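Work through the exercises below with the coordinates open. Each task is followed by a stepwise solution.

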Amino acid sequence: MSVIRVEKPGFLATVQDLGRPGFAALGVSASGAADPIGLRIGNRLVGNDEGAAAIEMTLLGGAFRFEEDATIAIAGASVGDRALAPWRAHHVPAGGTLACVPLRCGARAYLCVRGGIDAPLVLGSASTHLVTGLGGLEGRALLAGDRLSTGDRAVREPVAGAIDPGAIPGYRAGEPLRVTDGPQAGWFADAARSVLVEAAWTVTEACDRMGIRLDGPALDRRAPRELVTEGVALGAIQVAGDGQPIVLFVEHQTTGGYPKIANVIAADLARLGQLSPRDRIRFERVSLDEARAALFAQEAALRGL
């Protein structure tokens, strides 16, 4: 077991694993890593099982002191430390400190430690659900002075070389986010449905683990209608009363009353976790069969790393 002391938590650092699906009926969304592919690869690098808990850093990296020798990897966005290449396992000696700077080429980075972060399981997961205060360390973001212990989730030797995340289809930055039609797609004018995939959308400052509000041309409905509140899914694109879309994210509310014009496909959800305010994105409409094939191809590539 190794002990990690949080010297500086950065903008927002939390303990995250792959989440707790299956509890929407209790009002608890799955939460988990905003970029689950980054987490899975980081865990593979240090020899953990893919679902081990790690530290998710957002926009501004933190500083962490290791009281014992540790094997770590940074996955997701670059932490800006040239001495610590991302997507590769590194040894940190006892007493060593990892000091990160503002993240580059993405919004979130994962500090994965051999053995995983040891945190109590709540509804089967160690992930921090900030909205409800469940999981992680007392259900909150990490603070300076917090101490975390590593667990027993190592299942193989660390990877000797680097892993190229660009080999994972659907994970390459800059590509359009693929969507399928949402349950209320027919509520919107044909022109609005065309605009969704033709326009460039700007990620606004209203961007967090609950949702990603976009700015662009208004998406007009065919006629004024009210929707009875119903269950919503991760990646659903709701359209608010002002015609602007909101992409529901990992800590989304489990029900909603805005119509949903589309849904980001499962293979592209991890890229949502790397979006920052002022990023520009585009959407591309695909069929359900294409969405399913994309997910199968992505999982095959992850297995083949």
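**Exercise 1. State the strand order of the open sheet and find its edges.**

Solution. The model is predicted.
- Step 1: five strands make up an open sheet, ordered S2-S3-S8-S5-S6. Their pairing is antiparallel.
- Step 2: strand S2 (12-16) and strand S6 (89-92) each have a single partner strand, so one side of each lacks a neighbour in the sheet. These two strands are therefore the edges.
- Step 3: on average, neighbouring strands of this sheet are turned by 30° against each other, direction ignored.

**Exercise 2. Describe how S3 and S8 pair.**

Solution.
- Step 1: S3 covers residues 54-58, and S8 covers residues 104-113.
- Step 2: four bridges join S3 and S8 in the antiparallel sense.
- Step 3: Glu-56 stands opposite Tyr-110 of S8.

**Exercise 3. Is Arg-108 buried or exposed? Find a polar contact of its side chain.**

Solution.
- Step 1: place Arg-108 in strand S8.
- Step 2: its relative accessible area is 5%. Buried means under 20%, so Arg-108 is buried.
- Step 3: a polar side-chain atom of Arg-108 lies 2.7 Å from the backbone oxygen of Gly-273. The cut-off for a polar contact is 3.5 Å.

**Exercise 4. Locate Leu-59, classify its exposure and name the surface patch it belongs to.**

Solution.
- Step 1: Leu-59 sits in the loop between strand S3 (54-58) and strand S4 (63-66).
- Step 2: Leu-59 counts as partly exposed because its relative accessibility is 33%.
- Step 3: Leu-59 joins Phe-11 and Leu-60 in a nonpolar surface patch of about 280 Å².

Terms used
Residues are numbered from 1 along each chain as its sequence is written. This is a predicted model: local features need pLDDT of at least 70, side-chain atom pairs count only at pLDDT 80 or more; totals for chains, interfaces and linings use all residues. Side-chain values use heavy atoms; hydrogens and water are left out. Patches are made of residues with over 30% relative accessible area and no salt bridge: like charges are joined within 9 Å, nonpolar side chains (Val, Leu, Ile, Met, Phe, Trp, Tyr) within 5 Å. Accessible areas come from the Shrake-Rupley method with a 1.4 Å probe; for residues, only the protein chains shown count as cover. A salt bridge is a side-chain nitrogen of Lys or Arg within 4 Å of a carboxyl oxygen of Asp or Glu. Buried means under 20% relative accessible area, exposed over 50%, partly exposed in between (1.4 Å probe, protein chains only). Two strands pair if DSSP finds at least two bridges between them. Axes are lines fitted to C-alpha atoms, for helices over the stretch in contact, and angles run from 0 to 180 degrees between N-to-C directions. A polar contact is a pair of N or O atoms within 3.5 Å; within protein, one must be able to donate a hydrogen and the other to accept it, and residues adjacent in sequence count only if both atoms are side-chain atoms.
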